[in-house]
Amino acid sequence: MAISTMEHFAPAHVPAELAWDHSLAEFNSELDDPFLAASRLLDGPPLFWARDALQGRPGWVIARHALLKEAFIDWERFSSEGGMDLTTMLGVDWKLNPVNVDPPMHPIYRKVLTPFFTPKAVSHMEEGVRHTCDELISRFEGKGGCDFVKDFAIPFPSIIFLRLMGLPLDMMQKFFTWEQNLLRGQSDEARIMAAREILACLVEHLDRQKQKPATPLMENIMNARIEEGRSLNDGEILGMFYTFYVGGLDTVYGTISWSMRYIATHPEFQQFLRDNPDRLNKAVDELIRLFGVVSTQRRVAMDMTWHGVEMKENDLVVMPIFIACRDPEAYPNPHDVDLERSETMLSFASGPHLCLGMHLARREIRIALQTFLDRFDDIEIPAGSQYSYHAGPTFNVDSLPMAWRRKG
Ligand code: HEM
């Protein structure tokens, strides 16, 4: 990685040798594989200042597994609150909840939601997840191929989200388009417009839930009592709805798509999984590690020197998990699938904000991969077909043409 010393464009507290005159998203888009592109940053300093760290904004980038894990745990110095987040863009006085809330309120909110996301609770959702998976596959099963992204990876988590929330299933396309504009809109204006449309829909949904909660999760949120028995206020509830929306769709869609691309381009691994279904859980975890699609952010909470680097209160810190998950110091041979690995993964973060939906996500991904492997032989990417991706805050596949031989 070439650090620019020609021009010191960064704030005064950033040493010239740590100032990187690039856009992180553009750098990550330079190769055919964004994970390999991003992993080039492992050859540079563990912590550096990027001219465009996130959607045009300058800030610190953490480029090592060990440091990233430490920052995830150290919420007192790396705050989830007060960054340039969605609610600032919306101009509302509430926060994404619990993801953009620090302790002491964070565990109080999280406790309201936890019972719905335990492994046991997720087991109760399994039948619905299977049904959604089967129903989607039945639409293209006889065609010998599909665009895995459009036909499966996008609708699959979207339908599960809509069911969890009690939202009408025919809103899927609308919700998905809003989400794409929100995460990948070309300008702040486009992102703000999408954020407002989603909010209007969630406000309407909240009003309906006050009359009659549509699902057990909604009922639990409506009836929750926190802090000496008070109910959650509208802002706290909308923050929860919004967090599910931004947390549970794009992440699953991305991870399934990269995993399926890997399976379709590694026939021996594909056959190994068919022959050894008992290894699928481990394989899913390893694919989630290999394709850690998320980059999140923190705000420096106080002036400090961290790992020898001076950081100032309110500096933006970008936390690209996709770099950490390819760090050879944490995972030997990081670009290979290795089912014997024992190291824990960081794809779901660590510390207080460890992904609440991780058991659901794992289950969704396992069911999807298992169903494709059971139904189809020789899954492959047809020769000459185009695959495309984008490498913004989440790494995601835009199009993945796939073909197979149907099992007899
Ligand atoms: C493979 C799929 C997924 C990945 C890679 C993923 C990743 C993450 C990460 C990295 C965080 C931490 C964010 C931060 O600290 O800033 C997080 C938090 C969260 N995720 Fe996920 N996620 C996935 C799926 C889901 C699903 C399916 C749901 C729910 C439907 C969900 C709900 C949440 C929630 C509520 C939080 C906030 C937890 C807290 O702040 O305490 N996620 N996720």
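Helices (H or I, at least four residues) and strands (E, at least two) are DSSP runs, numbered here from the N terminus. The structure is a predicted model, in which local features need pLDDT of at least 70 and side-chain atom pairs count only at pLDDT 80 or more, while totals for chains, interfaces and linings use all residues. Residues are numbered from 1 along each chain as its sequence is written, and side-chain values use heavy atoms, with hydrogens and water left out.

A good place to start is the ligand. Its shell is built in part by helices H5 (105-113), H12 (234-248), H13 (250-265) and H17 (358-375) and by strand E8 (295-300), each of which supplies at least two residues. In total, 25 residues surround the ligand (a residue counts if one of its heavy atoms lies within 4 Å), and His106, Arg110, Thr296, His353 and Cys355 are the closest.

Some of these residues reappear in the details. Oxygen atoms of the ligand lie 2.7 Å from a polar side-chain atom of Thr296 and 2.6 Å from one of His353; such polar contacts are pairs of N or O atoms within 3.5 Å. Cys355, found in the loop between helix H16 (321-324) and H17, is the only protein donor of the ligand's iron atom, through SG at 2.3 Å. Donors are N, O and S atoms within 2.8 Å of the metal (3.2 Å for Na, K and Ca).

Further along the chain, a hairpin of three residues joins strand E13 to E14. E13 (residues 388-391) and E14 pair in the antiparallel sense over four bridges (pairing takes at least two bridges found by DSSP), with His390 opposite Asn396 in E14.

Definitions and conventions: Polar contact = N/O pair within 3.5 Å; in protein donor to acceptor, adjacent residues only side chain to side chain.
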